[in-house]
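Look at the model below and ask how each label is earned. Every answer sets a value against a rule.

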Amino acid sequence: MWRWRDYLKNTQKGREELDKITQMIFDEKKLEYARRLLARGKNTPEEIAEDLDMDIEVVKDLAKNMTA
């Protein structure tokens with residue numbers, strides 16, 4: 001019986017797919033955290049980008065969309 005867990009753990013393609021999924025989740029969590037920091041208004045977009053190792057333009061776009 002074929003199982004997803006076996007595929008994700010025991011094949012190169014499966015591990016690559018799992019890495020992509022993990023990275024997508026990590027990136028989404030960083031965006032969520034950046035939004036929360038921006039909402040508090042205590043940090044500049046530049047500080048947030050530096051602290052979260054994000055592209056400054058992404059953080060500026062988040063800030064712009066939050067005020068729009």
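Q: What counts as a helix, a term needed to place a loop between two of them?
A: A helix is a DSSP run of H or I with at least four residues, numbered from the N terminus. With that rule, Asp-53 sits in the loop between H3 and H4. Keep in mind that this is a predicted model.

Q: How many helices and strands does the protein have?
A: There are 4 helices and 0 strands. Along the sequence, the pattern reads α-α-α-α.

Q: Why is Asp-53 called exposed?
A: Exposed means over 50% relative accessible area. Asp-53 has 66%, so the label fits. Its backbone also deserves a look. Phi of Asp-53 is near 55°, a positive value in a residue other than glycine.

Q: Where else does a positive phi appear, just after H2?
A: At Gly-41, with a phi of about 75°.

Q: Is Asp-51 buried or exposed, and how do you know?
A: Asp-51 is found in helix H3. Its relative accessible area is 59%. The cut-off is over 50%, so Asp-51 is exposed. The C-alpha atoms of Asp-51 and Ala-34 are separated by 9.6 Å, with their positions 17 residues apart along the chain.

Q: What makes Trp-4 and Tyr-7 an aromatic pair, and which kind is it?
A: A search of the whole structure finds 1 aromatic pair. Its members are Trp-4 and Tyr-7, at 5.8 Å centre to centre. Ring centres must lie within 6.5 Å, so these two rings pair. The angle between the planes is 80°. Over 60 degrees counts as edge-to-face, so that is the kind here.

Q: Where do Trp-4 and Tyr-7 lie in helix H1?
A: They are 3 residues apart in H1 (residues 4-10), so about one helical turn separates them. An α-helix has 3.6 residues a turn, so residues three or four places apart point the same way.

Q: Which of the labels buried and exposed goes to Trp-4, and which to Tyr-7?
A: Trp-4 has 56% relative accessible area, so it passes the 50% mark and is exposed. Tyr-7 has 16%, which is under 20%, so Tyr-7 is buried.

Q: How do you know that the length of H2 agrees with its residue count?
A: Helix H2 covers residues 12-40, which is 29 residues. At 1.5 Å a residue, H2 should span 42 Å. Its end C-alpha atoms are 42 Å apart, so the two values agree.

Q: Which residues of H2 are buried, and what do they pack against?
A: The buried ones are Gly-14, Lys-30, Ala-34, Leu-37 and Leu-38. They pack against H1, helix H3 (45-52) and helix H4 (56-67).

Q: What makes a group of residues the largest nonpolar core here?
A: A nonpolar core joins buried residues of certain types through side-chain atoms within 4.5 Å. The largest has 10 residues, including Ala-34, Ile-48, Met-54 and Leu-62. H2, H3 and H4 each supply at least two residues of this core.

Q: What does Met-54 contact, beyond its neighbours within four places in sequence?
A: Met-54 is in contact with Lys-30, Leu-31, Ala-34, Ala-49 and Val-59.

Q: How does the protein's radius of gyration compare with that of a compact globule?
A: A compact globule of 68 residues would have a value near 11 Å, but the protein has 17 Å. The C-alpha atoms fill a box of roughly 55 × 20 × 15 Å along the principal axes. Buried residues make up 21% of the 68 residues.

Note on methods. Residues are numbered from 1 along each chain as its sequence is written. This is a predicted model: local features need pLDDT of at least 70, side-chain atom pairs count only at pLDDT 80 or more; totals for chains, interfaces and linings use all residues. Side-chain values use heavy atoms; hydrogens and water are left out. Rings of Phe, Tyr and Trp (its six-membered ring) pair if their centres lie within 6.5 Å; planes under 30 degrees apart count as stacked, over 60 as edge-to-face and the rest as tilted. Buried means under 20% relative accessible area, exposed over 50%, partly exposed in between (1.4 Å probe, protein chains only). The expected span of a helix is 1.5 Å times one less than its number of residues. Contact means heavy atoms within 4.5 Å. The radius of gyration is taken over C-alpha atoms; the globule rule is 2.2 Å times the number of residues to the power 0.38.
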